[in-house]
Amino acid sequence: MNLTAENHRVPLSDGNSIPLLGLGTYADPQKTPKGSCLESVKIAIDTGYRHIDGAFVYYNEHEVGQAIREKIAEGRIKREDIFYCGKLWNTCHPPELVRPTLEKTLKILQLDYVDLYIIELPMAFKPGDAIYPKDENGKIIYHETDLCATWEAMEACKDAGLAKSIGVSNFNRRQLEMILNKPGLKYKPVSNQVECHPYFTQPKLLEFCRQHDILIVGYSPLGTSRDETWVNVSSPPLLEDPVLNAIGKKYNKTAAQVALRFSIQRGVVVIPKSFNPQRIRENFQIFDFSLTEKEMKEIEALNKNVRYVELLMSAMFGENA
Ligand code: NAP
């Protein structure tokens, strides 16, 4: 596959396509100055990024939408050049809430459709205004919903043209199988967004998804922001890894560029987050070199099978792998 800065789209099983590199946009809203996301998405688009990953719960979707619309108005891009992925939050799983939730997202973005809409997590929370509904003991209040019914409502969003493609996130094999084996399934999930990087390479899930034509979108591809409130920081920083740095030295690239290149060479979509202009550009410079088979194997061997996003996953939801 010839991946270039200008064209690094890969096909999705429903006939659409997705750029292998996207900009992640999650940043702690308490610590991030307003407008940072807007500026970063604009810089990313000017740099050549055509894929933006966002979510209602990142509280900056309005800035993402504004950046896209400004760049369209400037004539730099057309709407169809951009691939935007939005996410259905846990409190919105009941089927009757799915379409109104997506419509709310579209209103925030001020766009007519998203390119990909995904179920953010396979667990449902009690519907309502609280994003993390909790009982008097501070425990999350879960909600019983049928994931298959939620999926049918996602299918209806695709049929209505509100989402060009539909997928999932943080689904394990069993949860994927539940959807794939659903009687009357109309559309398969085109993608599964999960943590994926050299320290957590997800070989089994990757193979399962390959067999079912489900693309893996790797989040935290640089090893996260190491925010102790939701990241397991006892695992060493990915970007300090000696192997990634040594390989980078050979190509005059950084460990971040090597980590991203490794993932896209495995066919894993990457969505590194940066709100720093220099690093936004750095993360895009991954199409002018390639890793040898030996280097790919060396990096694969770094897998520790330990997630950084373990705290969020296991403390709140129970082990999800
Ligand atoms: P990440 O992309 O692995 O890492 C982001 C951190 O790395 C930020 O602190 C960023 O800081 C820094 N950084 C970026 N480029 C760098 C470079 N070239 N060199 C050194 N440091 C660099 O982590 P992430 O934000 O956890 O994951 C990426 C995206 O995936 C998120 O933004 C979000 O869109 C998505 N995500 C989805 C889920 C889900 O459940 N579906 C979960 C987690 C994340 P600066 O901004 O200062 O550059």
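The chat below goes through a predicted model, its annotated site, its cysteines and its overall dimensions.

Visitor: What should I know about the model first?
Guide: It is predicted, so local features need pLDDT of at least 70 and side-chain atom pairs count only at pLDDT 80 or more, while totals for chains, interfaces and linings use all residues. Residues are numbered from 1 along each chain as its sequence is written, and side-chain values use heavy atoms, with hydrogens and water left out.

Visitor: Which residue does the "active site" annotation cover?
Guide: Tyr 58, according to an unreviewed UniProt entry; such annotations may be inferred rather than shown by experiment.

Visitor: Is Tyr 58 buried or exposed?
Guide: Tyr 58 is buried, at a relative accessible area of 12% (buried is under 20%, exposed over 50%, partly exposed in between, with a 1.4 Å probe and protein chains only).

Visitor: What is Tyr 58 in contact with?
Guide: Leaving aside neighbours within four places in sequence, Thr 25, Tyr 26, Pro 29, Asp 53, Lys 87 and Glu 120; contact means heavy atoms within 4.5 Å.

Visitor: Switching topic, how many disulfides?
Guide: Zero, where a disulfide is a pair of cysteine sulfur atoms within 2.5 Å.

Visitor: Why no bond for Cys 37?
Guide: Because the closest cysteine sulfur, in Cys 85, is 14 Å from the sulfur of Cys 37, which is too far. Cys 37 is buried, with a relative accessible area of 2%.

Visitor: And what is the closest cysteine sulfur to that of Cys 85?
Guide: The one in Cys 157, at 13 Å, also too far for a bond.

Visitor: How much of the protein is buried?
Guide: Of its 321 residues, 55% count as buried.

Visitor: What does the C-alpha trace span?
Guide: About 55 × 45 × 40 Å along the principal axes.
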